[in-house]
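Student: Before I rely on the labels attached to this model, I would like to go through the reasoning behind them with you.
Tutor: Then let us look at it together and set each label against its criterion.

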Amino acid sequence: MDPIFEYERNITRRTLLGRSARGIGGAALASLLYPELFNQSANAEAIPEGVQQIAPKAKRIIYLFQSGGPSHVDLFDYKPILRKLHGSDLPDSVKGTQRVTGMTARQKSYPVVAPFWEMKQCGEHQTWISERLPHTQTIADDITIIKSLNTEAINHDPAITFINTGTQQIGHASLGSWLSYGLGSENENLPAYMVMLSQGTGKNPGQPLFDRLWGSGFLPPSHQGVKLRPGSSPVLYLSNPAGIDRKQRRKLLDDLATLNRGQAEEIGDPEIQARINSYEMAYRMQTSVPELMDLSSETQKTFEMYGPESRKPGSFAANCLLARRMTERGVRFVQLFHRGWDQHVSLKAQLPNQCLDVDQPSAALIKDLKQRGLLDETLVIWGGEFGRTVYSQGAIGSPSAGRDHHGRCFSIWMAGGGIKRGFEYGKTDDFCYNIVENPVHIRDMNATILHCMGIDHRRLTYKYRGLDARLTGVEEAHVMHDILG
């Protein structure tokens, strides 16, 4: 006798209907108690199955992107011998045949310039950090400094595109969009990927930043970053038009969704569903974004910790504070772009101002996350698209002299979710010019970021032009297991 067959044969209609009713009631109750199980957020339609194969160390990321190329020579990569070599020509054996920009390619000489400021050993690990970053010095035991990052890109736009999308070619998905696609959102009332921009006081204006840097590329458009502006209208076109109230907007969206679903059923275009979800997200953001941007609940002590600029909308300090608030609300990926690090000229005058913009807020963010119990599950990244040359751009000793782009090696720091504390990784030569130990390509960095989020970079793919496209591309990429805690 088949027990399942006997059970199905003997069950009465009344019993079937009764049990079905209880099942529906249970599902309704579960939707109230655990709404995430029934989440219909903007990202739900595209989350791939089985992508999270590794136990995640981090749930969220805050990426403090320093646009323009901070000078690793002056900030992190301490080489005492440069004091003795100051003014001497960079040896050909060190310079090699690597491509340099047109701004220094025709220089007759390449004089070595020692750091303009002293560095100090900080924390238990005795990490060298510039005196221009006194607040960063206080978090030395919480961060890992990677000194051997490298990229093939030599100019700003391809380099920023490369590190953010995994390729120098435009049209590809950004890191935040990949994470939104792969993991979805923890908060159905806010996007999974949010972006804020600020202008530094170093070089003003800084290099231009294009919306495609936080775009979704070939991924569904619901995964693109949402840029917040400072002021009373942080997201364009989010407010209702004059004469339209929230109830009317709800009815309009319902009618529009009905039309869009009909078209989707007719032609089967997945972009239509993404459009519906984007409209719904915008509707929910009408209440969630004003609450997010309202800093009235923050204490005076918090503002003092982030620094005097933290009350100024659009400043890097204010954006760091907002990034912490987004993290508390479950935003998956927050990216801050701070412009002004492109010191081709007047480095001695410009770099201190640029450091002043970011030093206290960056350190405060780490301390704030730590005291709130959020740092262990939040990966924080600080760095730009490349570094700067050890040789001078312009006459050595001139107040107008600076440093050119340098992609062969540069420094960033990481902290939080899954990263060792008080650690250094990678080593460069005596000129901060070539890597001599543990090279880290930006593909390796992106693979490591995905790994911290529980993702094998080889499995996070999307069909594009007949290929399984991925953030790390087709070349080899390796997770930096040595920096993982």
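Student: How many aromatic pairs are there, and what makes Phe-76 and Trp-382 an edge-to-face pair?
Tutor: In this predicted model the count comes to 16 aromatic pairs. For Phe-76 and Trp-382 the centres are 5.8 Å apart and the planes stand at 80°; since rings pair if their centres lie within 6.5 Å and count as edge-to-face if the planes are over 60 degrees apart, both conditions are met by this pair.

Student: Why is this pair said to tie together separate parts of the chain?
Tutor: Phe-76 lies in the loop between helix H3 (72–75) and helix H4 (82–85), whereas Trp-382 belongs to strand E8 (residues 378–383), so the contact joins parts that are 306 residues apart in sequence. Both Phe-76 and Trp-382 are buried.

Student: What makes Trp-178 and Tyr-181 an edge-to-face pair, and where do they lie?
Tutor: Their centres are 6.0 Å apart with 70° between the planes, which satisfies the limits of 6.5 Å and 60 degrees. Trp-178 and Tyr-181 both lie in helix H8 (residues 175–183), three residues apart, which is about one turn of the helix. Trp-178 and Tyr-181 are each buried, and together with Phe-218, Tyr-462 and Tyr-464 they form one aromatic cluster.

Student: How do you know that the charged end of Arg-311 sits over the ring of Phe-303?
Tutor: The charged end of Arg-311 is 3.8 Å from the centre of the Phe-303 ring, and the rule asks for a distance within 6 Å together with a position within 35 degrees of the ring normal. The charged end of Lys-420 likewise sits over the ring of Phe-423, 4.6 Å from its centre.

Student: Why is strand E5 called largely enclosed?
Tutor: Five of the seven residues of E5 (residues 193–199) are buried, so the strand is largely enclosed by the rest of the structure; buried here means under 20% relative accessible area. E5 pairs in the parallel sense with strand E7 (residues 333–339) over seven bridges, and three bridges join E5 to strand E6 (residues 226–228), also parallel. Met-194 has Val-334 as its bridge partner in E7 and Val-226 in E6.

Student: Which residues have the most contacts inside the largest nonpolar core?
Tutor: They are Ile-61, Tyr-63, Leu-179, Leu-379 and Met-414, within a core of 52 residues. Helix H14 (residues 442–452) supplies the largest share of this core, six residues.

Definitions and conventions
Residues are numbered from 1 along each chain as its sequence is written. This is a predicted model: local features need pLDDT of at least 70, side-chain atom pairs count only at pLDDT 80 or more; totals for chains, interfaces and linings use all residues. Side-chain values use heavy atoms; hydrogens and water are left out. Rings of Phe, Tyr and Trp (its six-membered ring) pair if their centres lie within 6.5 Å; planes under 30 degrees apart count as stacked, over 60 as edge-to-face and the rest as tilted. Helices (H or I, at least four residues) and strands (E, at least two) are DSSP runs, numbered from the N terminus. Buried means under 20% relative accessible area, exposed over 50%, partly exposed in between (1.4 Å probe, protein chains only). Two strands pair if DSSP finds at least two bridges between them. A nonpolar core is a set of buried Ala, Val, Leu, Ile, Met, Phe, Trp, Tyr and Cys residues joined through side-chain atoms within 4.5 Å.
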